[in-house]
Amino acid sequence: MLSQDVDWVEIESLVKKLSKKILKLPRTFSSITTLSRGGLVPARLVADQLGIKRIFVDKKKISSDSLFVDDIFDSGDTFDEIIKRVDVPSKFVYATLFARRGKKYPRQLLYGKKTNNSAYVVFPWDKLEFERSQK
């Protein structure tokens, strides 16, 4: 399987870039919401950059006052599932470090960078999981 490894230096750069985009929005967020696994680390890093203290994980209902953070917008399946849980979908913001190149992006999406190609993006926090999947 073709893969694209991402190191911590690039992660930190993308978190700063993404945070600048978020700060340009004409609104603020009271918290961050994410999903366990891939979104946990980016959510924590973005929270630090933005000075947001509260992070909610795996919520059944999501407030549009909460910024949603994930590691990658890939197939769009996670976004489609999450948007159903949001109280006011038109106010929802979905922020990711990467967006899969060639996909149609929802208007609620903010991302740090597009992927290079269709390769699987291997983040530092899921390197072991990816290696196991290759055996």
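Student: If helices (H or I, at least four residues) and strands (E, at least two) are DSSP runs numbered from the N terminus, what order do the strands of the open sheet have?

Tutor: The model here is a predicted one, where local features need pLDDT of at least 70 and side-chain atom pairs count only at 80 or more, while totals for chains, interfaces and linings use all residues. Residues are numbered from 1 along each chain as its sequence is written, and side-chain values use heavy atoms, without hydrogens and water. The 5 strands of the open sheet come in the order β3-β2-β4-β5-β6, and their pairing (at least two DSSP bridges) is parallel.

Student: Okay, and which strands are at the edges?

Tutor: Those are β3, at residues 55–57, and β6, at residues 109–114, each of which pairs on one side only.

Student: How many bridges join β4 and β5?

Tutor: Strand β4, residues 66–73, and strand β5, residues 94–99, are joined by 5 bridges in the parallel sense, and within this pair Val69 has Ala95 of β5 as its bridge partner.

Student: New topic: which strands help line the largest pocket?

Tutor: Both β4 and β7 (120–122) contribute at least two residues each to that lining. A pocket is an open set of points on a 1 Å grid over the protein atoms alone, where a 1.4 Å probe fits, with protein on both sides within 12 Å along at least five of seven lines, and lining residues have an atom within 4 Å of a point. The lining has 13 residues, with Gly38, Asp71, Tyr120, Asp126 and Glu129 closest to the centre.

Student: And which element gives the most to the second largest one?

Tutor: That is β4, with 4 residues.
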